[in-house]
Amino acid sequence: MTYIKEKGMKLLFFGAALVSIAAVILICVFLLASGIPAIREVGLFKFLLGTRWKPANNLYGILPMIVGSLYVTGGALLLGVPIGILTAVFLARFAPKNIYTPLKSAVNLMAGIPSVVYGFFGLVVLVPFIRETFGGRGMSVLTASLLLGLMILPTIISVSETSIRAVPESYYEGGLALGASHEKSVFFTVLPAAKSGIFAGVVLGIGRAVGETMAVMMVAGNQAVIPSSVLSGVRTLTTNIVLEMGYSTDLHREMLIGTAVVLFVFILMINLSLSLFKRRVK
Amino acid sequence: MTGYLKRKWRAYRHDPKSFFLFLSVCLAALITMLALVFIIAYILIKGIPNITPELFDSSYTTENVSLLPALINTLFITLLSLLFAVPVGIGAAIYLTEYARRGNKLISVVGITAETLSGIPSIVYGLFGSLFFVKYLGLGLSLLSGALTLSIMILPLIMRTTEEALRSVPDSYREGSFGLGAGKLRTVFSIVLPCAVPGILSGVILGIGRIVGESAALIFTAGTVAEIATSIFSSARTLSVHMYSISGEGLYLKQTYATAVVLLVVVILINGLSGFVAKKLGGRNTDG
């Protein structure tokens, strides 16, 4: 009796362990099976490199969305990476205890704020701000980048902080012993030693920025054309799906799934490069 | 603060580079803190005056966009998602830490898939959910479809935190239990798991936070019906989806502010709870 119970439960646990594998396979199969035939129908190059997205005229080019995603992500990194890394350095090496605790919980809370709340904040604060300072309609690459930069901060900060803390104390002490100040020792001995972990944090941040949907949709303007300046509206891969999924049918719907396939491949590439990188470091 | 800076400046008069580095680090931390304080203060100040008793009316109408139904639906969908994700996540973690031999291929494969799952954007989950649960399995736009989609989404989180918690239980506990004649199963359930509860719990709370904040994955799986769900097969919107819907219509700015406040308060409570659990119950893994 106990033997059966032991074996049975072991089998059950084994089954549970397989669920995540099954989930990944199912996601791949269902996305690819609905997306690939549609992409083939339009033609891969026309799909990826076409500059016009006009479902009504059967034009399905997602280049504007790919470029849009890249612009917005790049902008977010420009803001998020320096501030994120410097804040992580502050947390790990500079903050006195009475500043550390509130700042750390602030970072945790930032990670927990729902993206609709970020998006709404962007809509009522950032959009008017950009409109009044720089002109234009306010919903732009710049606005989306600013908001995304804020949203990826917690990811970059917590991963970077962990890796800075993992650097052996002797590196820092060695720096001090050679006559460097606290700051120089941190920046020129500890930080270079932590760079692989920091890089991992940045890559995770890229993943978050590429995948963010609702917040971007609320502030980016969503025109399906390649933006001509930082003040013009932009549509990303993710928002393209949400915007049109509700009313699309047939080929149009399948092309949206095709968009998701492209997004999925992007994310897989980011993930893969991260795990390859981690393995090389080890 | 200025006195502190002055003292620093005196110490670094001949070392402007260090002073500059110090200043930039402080500035970055200040920006991070101010950004969060500004967002929260702005939402609270604009939102609290707009919180009215009508918003907590039990039914939703176009005149009164009550948020109570959405709040209750959020609770339903959270419970339902946890019902799927927590047993599977804990079971998987138990297999990986207690049963699988070290160096087993399965451990690394599951690790890679869990990492992949946690990197997938929520809109892709939403699309998958609408293709698989809604269409293929024929569950329709329903609480069940939404909860199943979300449970896949939070599965890696629960698996990873549980795994960490189980691994931090010292081996001597297991050996002691075996020494007393307990079987594997008994050791796992009455010795190892109880020790790991705080870690598991803080993972579950983080998962709840993700469910509450999720919107993109739910629009095409659970739908946007603004009434209290009557069964797990009825379509219903959660609070996040509710906030997105009314903010898009542009007519309900005041109500959107108020909804944002409620959502924010829920998230802050969940966050505080997770920190509290990790600290008070003696969990070792405080950073999720």
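The following paragraphs lead through a predicted model, from the overall layout of chain A to selected helices, aromatic groups and one buried serine.

Chain A comprises 12 helices and two strands, and along the sequence these elements are arranged as α-α-β-β-α-α-α-α-α-α-α-α-α-α. The C-alpha trace of chain A extends over about 75 × 70 × 30 Å along its principal axes, and 55% of the 282 residues of this chain count as buried. When contacts in chain A between residues at least 6 apart in sequence are considered, 72% of them join residues at least 24 apart.

Within this chain, helix H6 (residues 141-165) of chain A contains 25 residues and reaches 35 Å from its first C-alpha to its last, which is close to the 36 Å expected at 1.5 Å a residue. H6(A) nevertheless bends by about 35° at Ile152(A), with a proline, Pro154(A), following within four residues. Because 19 of its 25 residues are buried, H6(A) is largely enclosed by the rest of the structure.

For chain B, the confidence of the prediction deserves attention. The mean pLDDT of chain B is 87, and 96% of its residues score at least 70; by element, confidence is lowest in helix H1 (residues 2-11) of chain B, with a mean of 72, and highest in helix H6 (residues 143-167) of chain B, at 94. Over residues 283-288 of chain B the pLDDT stays under 50, and for this stretch the model has 12 contacts beyond four places in sequence.

Turning to the aromatic residues, a search of the whole structure finds 18 aromatic pairs over all chains. One of these pairs is formed by Phe128(B) and Phe133(B), which meet edge-to-face at 5.9 Å centre to centre, with 75° between the planes, and both Phe128(B) and Phe133(B) are buried. One aromatic cluster draws on both chains, being formed by Phe13(A), Phe14(A), Tyr95(B), Tyr99(B) and Phe189(B). A member of that cluster, Tyr99(B), also has Lys184(B) lying over its face, at 5.2 Å from the ring centre. In chain A, Arg93(A) lies over the face of Tyr172(A), at 4.8 Å from the ring centre.

The last site is Ser240(B), which is found in helix H10 (residues 239-249) of chain B. Its relative accessibility is 0%, so Ser240(B) counts as buried. Apart from neighbours within four places in sequence, Ser240(B) is in contact with Pro114(A) and Val116(A) from chain A, and with Val212(B), Gly213(B), Glu214(B), Ser215(B) and Leu263(B) from chain B.

Notes. Residues numbered from 1 in each chain as written. Chains lettered and ligands numbered in written order. Predicted model: local features only at pLDDT ≥ 70, side-chain atom pairs only at ≥ 80, totals over all residues. Heavy atoms only, no water. pLDDT = per-residue confidence, 0-100. Contact = heavy atoms within 4.5 Å. Expected span 1.5 Å × (residues − 1). Bend = angle between axes of the 7 residues up to and from the residue. Buried < 20%, exposed > 50% of the residue type's maximum accessible area, 1.4 Å probe, protein only. Phe/Tyr/Trp six-rings, centres within 6.5 Å; stacked < 30°, edge-to-face > 60°. Lys NZ or Arg CZ within 6 Å of the ring centre and 35° of its normal.
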